[in-house]
Amino acid sequence: MNFSEYQKKAREFADYPHALVGGNKVKLVYPVLGLVEEIGEAKEKLRVVEECDDLENITAFMKELGDVCWFCAEILSVLCLKADLSRFTDESPDNYELAYSEISGILAKAVRDNSGIVAPEKIKIIKESVEVIIWTVSQMAEKVCRSDLESIMQMNYNKLLSRKQRGVIHGSGDDR
């Protein structure tokens with residue numbers, strides 16, 4: 001499953017309300033906040049993997065990377081965009097921390113200054129930043145998990161499908 005296919009399939013789990021900003025309904029708030037949270041959780045799981053490189057910890061890290069993928073896919077879907085990872089090479093830098101802070105900064109300023117409306121030139125920056133994050137996930141999958149982006153996305157899709165079938169798509173906890 002490539003990212004474009006994953007993005008389409010991941011939409012079936014997009015069940016969250018709009019946020020009201022200045023009287024406008026804004027769908028971008030939840031996925032951006034969720035992305036920031038999941039990157040933080042992934043960083044914590046990576047720290048654990050670096051201390052104890054075993055299957056259980058690597059699997060937990062892979063699950064967090066999958067959640068990062070879901071929020072990236074959702075941000076692009078809300079903006080009616082698709083990722084283009086063709087510009088990346090194995091030598092591309094992984095500056096994902098700048099990328100996700102840039103996305104949240106753009107949204108924060110749009111909420112503060114423009115009733116939640118993101119200017120078209122900022123949407124391009126969001127797209128490029130999301131692509132950096134996806135690329136970084138693919139690199140972490142290979143280097144840390146000895147896996148690939150496709151496996152991360154498939155694992156995430158299977159997890160979300162199971163949660164939906166069991167009626168626990170909402171809530172918290174990695175193993176619900």
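# A guided tour of the helices, core and charges

Start by selecting Asp-113 and Arg-112: the two form a salt bridge, with their closest N and O atoms 2.7 Å apart. Both Asp-113 and Arg-112 are exposed. Keep in mind during the tour that this is a predicted model. Side chains of opposite charge can pair when their charged atoms come close. How many salt bridges does the structure hold? There are 11 salt bridges in the structure, and we will visit some of them.

**Stop 1: along helix 2**

Now select Arg-47 and Glu-51. Their side chains meet in a salt bridge of 2.6 Å, N to O. Look at how they sit in helix 2: the two residues are four apart, so about one helical turn separates them. Arg-47 is partly exposed, because its relative accessible area is 35%. Glu-51 has a relative accessible area of 59%, so this residue is exposed. Add Glu-44 to your selection, and you will have a network of salt bridges linking Glu-44, Arg-47 and Glu-51.

**Stop 2: a bridge between two helices**

Next, select Lys-159 and Asp-67. Here too the side chains meet in a salt bridge, 2.6 Å from N to O. Which helices hold the two partners? Lys-159 is in helix 6 and Asp-67 is in helix 3, so this pair ties together parts that lie 92 residues apart in sequence. Are Lys-159 and Asp-67 buried or exposed? Both are buried.

**Stop 3: the nonpolar core**

Turn now to the largest nonpolar core, which has 53 residues. To find your way in, select Tyr-6, Leu-28, Leu-35, Phe-61, Ile-126 and Ile-133, the residues with the most contacts inside this core. Then colour the elements that give two or more residues to the core: helix 1 (3-10), helix 2 (29-51), helix 3, helix 4, helix 5 (120-143) and helix 6 (149-166). Which helix gives the largest share of this core? Helix 3 does, with 12 residues.

**Stop 4: the loop between helix 5 and helix 6**

Select Val-144, which you will find in the loop between helix 5 and helix 6. Val-144 has a relative accessible area of 18%; buried means under 20%, so this residue counts as buried. Now add Met-62 and draw a line from C-alpha to C-alpha: Val-144 and Met-62 are 9.3 Å apart in space, although 82 residues apart in sequence.

Arg-146 is also found in the loop between helix 5 and helix 6. Its relative accessible area is 57%, so Arg-146 is exposed. Check the backbone here: Arg-146 is not a glycine, yet it has a positive phi of about 55°.

**Stop 5: the loop between helix 4 and helix 5**

For another positive phi, select Ser-115. This residue sits in the loop between helix 4 and helix 5. Its phi is near 55°, a positive value in a residue other than glycine. Ser-115 counts as partly exposed, because its relative accessibility is 30%.

**Stop 6: a negative patch**

Finish on the surface. Select Asp-90, Glu-91, Glu-142 and Glu-150, which form a negative surface patch. Where does Asp-90 lie? You can find Asp-90 in the loop between helix 3 (55-78) and helix 4 (96-114). With a relative accessibility of 57%, and exposed meaning over 50%, Asp-90 therefore counts as exposed.

How values were computed: Residues numbered from 1 in each chain as written. Predicted model: local features only at pLDDT ≥ 70, side-chain atom pairs only at ≥ 80, totals over all residues. Heavy atoms only, no water. Patch = residues over 30% accessible without salt bridge, like charges linked within 9 Å, V, L, I, M, F, W, Y side chains within 5 Å. Areas by Shrake-Rupley, 256 points an atom, 1.4 Å probe, with all protein chains shown as cover. Salt bridge = Lys/Arg side-chain N within 4 Å of Asp/Glu carboxyl O. Lys, Arg positive; Asp, Glu negative; His and termini not counted. Charge placed at Lys NZ, Arg CZ, Asp CG, Glu CD. Buried < 20%, exposed > 50% of the residue type's maximum accessible area, 1.4 Å probe, protein only. Core = buried A, V, L, I, M, F, W, Y, C linked by side-chain atoms within 4.5 Å.
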